[in-house]
Amino acid sequence: MGHPAARGALLLAAAAGTVLAAGQPVPAVAAAHGPARPGDPRGDEPDTPQGAKAPLHSAGGGPAGPAKPGAGGELPATTRAAIINRAKKWVAARVPYSNTAYWPDGYRQDCSGFVSMAWNLPGNEWTGSLSTFGVRVSRDQLQPGDMLLFHNAADPQNGSHVVLFGGWSDYTHTYYLAYEQTRPHTRGQSTPYAYWSNSDRYVPYRYKGLAEETSAGVSAPGATSSRYPGRSFFGPGADNPHVTRLGEQLVKKGFGTYYTSGPGPRWGEADRRGVEAFQRAQGWRGGAADGWPGPETWRRLFS
């Protein structure tokens, strides 16, 4: 997924209308890289290899276990604003590029790990699998939060790349703001469509789990239904309307004593402890009362 060192000044997230959050310190596992190579970026060859498909990783470097399970089920719902805000956090933190290191949020510090993080996917994908989480769109349909994917089947590990579309930079739709993970660190930069090199091989995709934002708030498919949405919507890192609805139902059933400020869309320990208490009230013990809302827990909670 390597690609050229792009020319031009780094566009601050504030230029897009959102103030960047303060960056977090670089973890010890993230190795430093040298400066971007000089020269014409369109003539450079890829030099940022990507890692393979992998689960989320813990701060200690190993797999994080069931942090975001359910990749085969319904995808976690997210919004365009949430996608861009997650991308900007990495830009602000100047996350160093690495195809082997993982940032504290569990995602690999390469281009495919970056898009996996921005789309809030259950694990670390690579350019050969990211397309399965999206639907193809045309250039005219591109909107912030979509991705531009180049998967080079002839050299997939070293000849592929993926970036996030942040919006058009000019009225002619010739340049756009690209958020990407590249050497030496994450950046947001005005980029010619579709990219500096291999421009005709980039394909636009839109995330399948995209939720609509309206004046009444976020509306995700099934967010008001009693049907179980899927385990991928719950657990550390989950941020969606289903978590809010779960918490509200726990409160309604008398298991909301762990909340200090009320249920919200971001999964927390209060949600897990509330679910565990409800499960124990059903007479369940051991692994059946693990605090994770499965189909039977959901059915009983909303019956």
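Student: In strand β3 (residues 161–168), how many of the eight residues are buried?
Tutor: This is a predicted model, in which local features need pLDDT of at least 70 and side-chain atom pairs count only at pLDDT 80 or more, while totals for chains, interfaces and linings use all residues. Residues are numbered from 1 along each chain as its sequence is written, and side-chain values use heavy atoms, with hydrogens and water left out. Buried means under 20% relative accessible area, exposed over 50%, and partly exposed in between (1.4 Å probe, protein chains only). β3 is mostly covered, and the number of its eight residues that are buried is seven.

Student: Which residue of β3 stands opposite Phe 150?
Tutor: Strands here are DSSP runs of E, at least two residues long, and helices are runs of H or I, at least four, numbered from the N terminus. Two strands pair if DSSP finds at least two bridges between them. β2 (residues 147–150) pairs with β3 in the antiparallel sense over four bridges. Opposite Phe 150 stands His 161.

Student: On β4 (residues 175–180), which residue stands opposite Leu 164?
Tutor: β3 also pairs with β4, again antiparallel, over three bridges. Leu 164 of β3 has as its opposite residue in β4 Tyr 179.

Student: Which residue in the turn of the β3–β4 hairpin has a positive phi?
Tutor: Six residues lie between the two strands of this hairpin. Among them, the one with a positive phi, of about 55°, is His 173.

Student: Which element gives the most to the largest nonpolar core?
Tutor: A nonpolar core is a set of buried Ala, Val, Leu, Ile, Met, Phe, Trp, Tyr and Cys residues joined through side-chain atoms within 4.5 Å. This one has 30 residues; Phe 114, Val 115, Trp 119, Met 147, Leu 164 and Tyr 179 touch the most other members. Two or more residues come from each of α1 (80–93), α2, β2, β3, β4 and β6 (203–207). With six residues, the element that gives the most is α1.

Student: How many residues are in the other core, the one with Phe 255?
Tutor: It lies apart from the largest core. Its members include Ala 238, Leu 246, Phe 255 and Phe 278. Its residue count is 19.

Student: Against which helices do the buried residues of α5 (residues 295–302) pack?
Tutor: The buried residues are Thr 297, Trp 298, Leu 301 and Phe 302. They cover an arc of only 110° around the axis, taken from the directions from the helix axis to the C-beta atoms, so they sit on the same side of α5. Contact means heavy atoms within 4.5 Å. The packing partners are α3 (241–252) and α4 (269–281).

Student: Which side chain makes a polar contact with that of Ser 112?
Tutor: Ser 112 lies in helix α2 (residues 111–118), and it counts as buried because its relative accessibility is 0%. A polar contact is a pair of N or O atoms within 3.5 Å; within protein, one must be able to donate a hydrogen and the other to accept it, and residues adjacent in sequence count only if both atoms are side-chain atoms. At 3.1 Å, the partner of Ser 112 is Arg 108.

Student: Is Asn 120 buried or exposed?
Tutor: Asn 120 is found in the loop between α2 and β1 (134–136). Its phi is positive, about 60°, although it is not a glycine. Its relative accessible area is 4%, so Asn 120 is buried.
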